[in-house]
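Work through the following exercises with the sequence and the coordinates at hand. Each task is followed by a solution that proceeds step by step.

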Amino acid sequence: MEWLTMNPDDVIPTYDREGPAWAATRDRRLTERPWLDRALMLAPRHAGRRRVLDLGCGAGRPIGEYLLDRNCILTGVDASRPMIELFARVVPRATALHADMRGLRLGEEFDLILAWDSLFHLTPEAQREMGATFAAHASPRAVLLFTTGPKAGVAIGRIGRSDLYHASLDPDEYRTLLDEAGFEVLGFWPEEEACGGRSIWLARRRS
């Protein structure tokens with residue numbers, strides 16, 4: 001099977017190599033907007049503004065730009081140096097951090113945490129450990145918005161001329177992991193046609 005020859009550790013080098021050209025052609029219609037708006041509506045405010053942590057933020061367009069337009073205080077994290085450098089140029093008012101989301105500990109709390117089109121590039125084992133990362137950065141009643149596949153398994157996509165690893169857990173396992181990390185699931189939309197077939201999760205930290 002093809003996926004057996006695909007090394008998950010190739011994801012970051014693949015984005016280093018292919019990401020900038022891909023970002024230049026990325027669909028900017030913001031099909032994510034209804035889910036971003038829903039998450040922002042539910043997220044608490046800190047001193048009148050929402051603090052947003054975008055894990056695997058990519059180049060910052062269109063999501064980062066939209067969040068800043070909504071008066072958010074934005075911190076973007078990406079393990080690909082070319083991508084986080086693009087992010088810093090596209091949304092210079094945001095904080096840009098070159099770091100891996102795995103094991104991340106910033107010592108800060110955020111009102112909205114995103115892992116949009118990024119969590120599923122981690123291995124299943126690494127995804128199982130992300131609940132602790134989410135919890136470590138979540139303020140009371142913070143909202144979590146992320147995408148996965150619709151069911152457990154590994155899939156190989158494409159970016160530019162390169163294969164790209166994706167993996168997902170079973171939806172019931174995500175529910176269990178979120179519950180153990182202190183989050184309640186507010187909604188799960190598998191293969192949402194209105195958002196390009198993404199499987200979308202919305203959760204909130206219990207107070």
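**Exercise 1.** Determine how the radius of gyration of the protein relates to the value for a compact globule.

*Solution.* The model is a predicted one. Begin with the chain length, which is 207 residues. For a compact globule of that length, the rule of 2.2 Å times the number of residues to the power 0.38 applies, and the radius of gyration would be near 17 Å. The protein has 16 Å, which agrees with the expectation for such a globule. As a complement, the C-alpha trace spans about 50 × 40 × 35 Å along its principal axes.

**Exercise 2.** Describe the secondary structure, the burial and the contacts of the protein.

*Solution.* Counting the elements gives 7 helices and 9 strands. Turning to burial, where the cut-off is under 20% relative accessible area, 51% of the 207 residues count as buried. Finally, if one takes the contacts between residues at least 6 apart in sequence, 66% of them join residues at least 24 apart.

**Exercise 3.** Characterise the exposed area and the placement of charges.

*Solution.* The protein exposes about 9800 Å², of which carbon and sulfur atoms supply 49%. For the charges, take the mean position of the 27 positive ones and that of the 30 negative ones; these two positions lie 7 Å apart.

**Exercise 4.** Locate Asn7 and assign its exposure class.

*Solution.* Asn7 is found in the segment that precedes α1 (11-24). Its relative accessibility is 33%, and because partly exposed covers the range between 20% and 50%, Asn7 counts as partly exposed. As a last step, compare Asn7 with His137, which is 130 residues away along the chain: their C-alpha atoms are separated by 29 Å.

Definitions and conventions
Residues are numbered from 1 along each chain as its sequence is written. This is a predicted model: local features need pLDDT of at least 70, side-chain atom pairs count only at pLDDT 80 or more; totals for chains, interfaces and linings use all residues. Side-chain values use heavy atoms; hydrogens and water are left out. Helices (H or I, at least four residues) and strands (E, at least two) are DSSP runs, numbered from the N terminus. Buried means under 20% relative accessible area, exposed over 50%, partly exposed in between (1.4 Å probe, protein chains only). Contact means heavy atoms within 4.5 Å. Accessible areas come from the Shrake-Rupley method with a 1.4 Å probe; for residues, only the protein chains shown count as cover. Lys and Arg count as positive and Asp and Glu as negative; His and the chain ends are not counted. The place of a charge is taken as NZ of Lys, CZ of Arg, CG of Asp or CD of Glu.
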